[in-house]
Each structure stands twice: as structure tokens, then as C-alpha cells.
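Reader: Hello! I would love a close look at one part of this model, and then a walk outward from there.

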Amino acid sequence: MEKTKIGFIGCGAISAIYLNNCTKMFGVLEVAAVADLVPELARRRADEFGVPKACSVEELLADPSIEIVVNLTAPHAHTAVNLQILEAGKHVYAEKPFALNREDADLVLSTAVAKGLRVGSAPDTFLGAGLQTCRKLIDEGWIGTPYAASGQILMGNVFDGMHPNLPNLLKLGWDPLFDMAPYYITAMIHLLGPVRKVSGSVGQVNRSLTVANPHSPRFGETVPIEAPMHASATLDFESGAIATLQAGKESFGYSPRLEIYGTEGILYVPDPNNFDGPIRLLQSNGQTSELPFSHGFADNSRGVGLADMAYAIRSGRPHRASGRLARHALDVTLGIFDSSREERHVAVEAKCEQPEPLPLGLKYGALDR
């Protein structure tokens, strides 16, 4: 298959794994250029991963050979950069969160439709070995009819004060619902289908953080916590299944969990923030088994959704980590905020289809047979 040339806007920490995978794992992709507001960051990434060009955003967008641009900027900049990419006539693949409000998300999607372009968005971990194997088990009836699910992602935030962007990580966009819950919401949609309505509550233990770590460059500084840092929600799916979700950054350590309950078994799903992890199945006879992966992409394969989009553009099929899927997950997220504020159930109005599972037996790095 002809390679698809791609460019990156944003060369921060997350760009390393994307560039590693897009230059080594996915043969359909060719990284043509990288850009960042800090030119030195772009030059460093280009040197590190053998990218032929580090340049300005304007120069990258003017390159006629680049078909897809990957947006790895900060959450508050996602919409403006997505629109800039689309206006340049290029497909866009963005990091999560897709947007911070419905209006911005809809503007990006409508602009893409008007220009005949595609929009993709992280998270793409649901395309990994763990979640694809779980989808196969559910679709084949191993747990009977799935009727409920329970997800939990509890973790410490950046309270040690060592992160260089500490103030930003305490703002909306880096909070648990926008930062970590998308992995769980997207995984649930992948496994159980679209969400019909949500209810929930958000909370906040502290309104500010005084850095007490003497090793931090911000030692003694008080930083405002501008976003709610924990949330609990109930998700009602169109299939009839009901899920609960707990997301928080008020705790310590890292505590992920996702379980799917069926009439004939319980599926213990690996961490949706990862591509691998143990898969356990408790069946009605009381036996618990740990199951092998049926699919590939067990390593950290961030960018697999981008590669799938490149294949889809060539073949004309829908891509899986789509803007519509991200918009639906965003509506769930915003519905939890709305429910907490208004004390009511909130209908999820943005529609999407349950993503198609990956085929079995794909060659390494391939997304189509």
C-alpha cells in the first residue's frame, strides 16, 4: 500500500511514543515533518526519530505531500489547531480530549464534512490486544448477555510539585474526567455500544495546592486547583447495560479497574489506559481463567488509530478511532458535569456507531488484511 505522509504539531512528552511507533511500527505511515512553537523541541524530535524536516506550523501545513496532521498540543489549543489543519486541506488526528465543549467539537466535525476530510482522535487503546480480545469474548457470548459494568481510575495527581507544567495540570482538560475517563468511556463504548443517558456528580477536596516538597522548584508556592478532581457517574447504554464509573486524582498511586458483568460470566478487563494486561474470565461454573490475546498490538501502540485512519482513507472504509466516537465520548463526559450541576439525568445526543472490531490474523503493524 502507498505510504501516507503525516506531520506532527506538538513535540512534547507524548510525541515520543507516537513518533517511535509511526517511524517503526506502522508501514503505512511516513513521518515527513514535525513542528512546535518551541523550535528546539521540534529539532530534537526530528533528530531523535530521523524525521527529515523540523519546521514551523505554517510550513508544515503548506507542505502538499502531507495528508494527515497529528495534533499533540495542549487540550485548550486542540480546537484551534484542528481547525487550522482542516483549513489547510488536511485530515486531522488529535490527542484527547477531542474538545472541551460541544460547540467546538461540532465545529471541527462540520468543517471536516464541508471539506471532505476525516477527523480521528485518541484514545486508540481500545484497538490494543487487551480490549480487542475482550470484545471478541463478549461478541462470542462467553459471558452471556452483558448487563452491567464497573470502571474505576483512581490516581495521585501532581501534588509533589515536580511536574514542570504543574498549574496547567490543575485546570479543566487535565482533570480526571477529561484526562483519564476518556480511556474508560471509549472502552465501554467499544465493548457495550453507544451510551443513551448519564447521571453523575463531580467534587473537589481542595481549591488550592501549596507545594510542600522541598525538592520542587515551586516549593512553598500555592497554586489554584481550577477543576473538579473526582467524579462518580452512571452510564445507561442503548443495549440496556448499565455501568458505573469512578474517576479521581485526589488519591495516591494508580488504581485501575474495569469489569463487565454478564448473565453467564464476569470479564475482568485490562487497564483501558494500556494496550495489554491480564484478561480474566469468571464463568458460571465458578472457574476463573486467564486468557491469551487473540489480537496483536500488545505493546504500547499509541498511533494505531492514526494508522487505521490511513488505511481507511486508502480503502474508503470508516476508521475506528473517529471524530464521531470522540464526540460521543465527549458528550458523555460533559453530561456528567451537566448532571452534577443540574441534578438530573442527561441524554447523550451525539450519536455514534459501535466501532468495528479488528480482524483476526493481521500481520505485524497492519490494520487490514
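Reader: Where is Gly303 found?

Author: Happy to help. Before the tour, a word on the ground rules: this is a predicted model, in which local features need pLDDT of at least 70 and side-chain atom pairs count only at pLDDT 80 or more, while totals for chains, interfaces and linings use all residues. Residues are numbered from 1 along each chain as its sequence is written, and side-chain values use heavy atoms, with hydrogens and water left out.

Gly303 is found in the loop between S16 and H9; helices (H or I, at least four residues) and strands (E, at least two) are DSSP runs, numbered from the N terminus. Gly303 counts as buried, at 0% relative accessibility. Here buried means under 20% relative accessible area, exposed over 50%, and partly exposed in between (1.4 Å probe, protein chains only). Leaving aside neighbours within four places in sequence, Gly303 is in contact with Tyr18, Phe26 and Asp124, where contact means heavy atoms within 4.5 Å. From C-alpha to C-alpha, Gly303 and Ala122 are 8.3 Å apart in space, although 181 residues separate them in sequence.

Ala122 deserves a stop of its own. The peptide bond from Ala122 to Pro123 is cis, with omega near 5°, and Pro123 is in the loop between strand S6 (119-121) and helix H6 (129-139). Another cis peptide bond runs from Lys96 to Pro97, with omega near -5°. Pro97 lies in the loop between strand S5 (91-94) and helix H5 (102-115).

Back in the loop of Gly303, you will also meet Phe297, located between strand S16 (288-291) and helix H9 (304-315). Phe297 has phi near 65°, a positive value in a residue other than glycine, and is buried, with a relative accessible area of 12%. Glu343 also has a positive phi, near 55°, but counts as exposed at 74% relative accessibility. Glu343 is in the loop between helix H10 (323-342) and strand S17 (346-347).

Now for the interior. The largest nonpolar core has 108 residues, of which Phe8, Leu235, Ile260 and Leu267 touch the most other members. Such a core is a set of buried Ala, Val, Leu, Ile, Met, Phe, Trp, Tyr and Cys residues joined through side-chain atoms within 4.5 Å. Helix H8 (residues 181-192) gives the most to this core, with nine residues. Beyond its neighbours within four places in sequence, Leu267 has contacts that include Cys134, Leu137, Ile138 and Leu281. Apart from that core lies another, of 10 residues, among them Val158, Leu209, Val223 and Met229.

Last, the largest pocket. It is lined by 48 residues, of which Ile14, Leu72, Thr73, Ala74 and Trp174 lie nearest its centre. On a 1 Å grid over the protein atoms alone, a pocket is an open set of points where a 1.4 Å probe fits, with protein on both sides within 12 Å along at least five of seven lines; lining residues have an atom within 4 Å of a point. The largest share of this lining, four residues, comes from H2.
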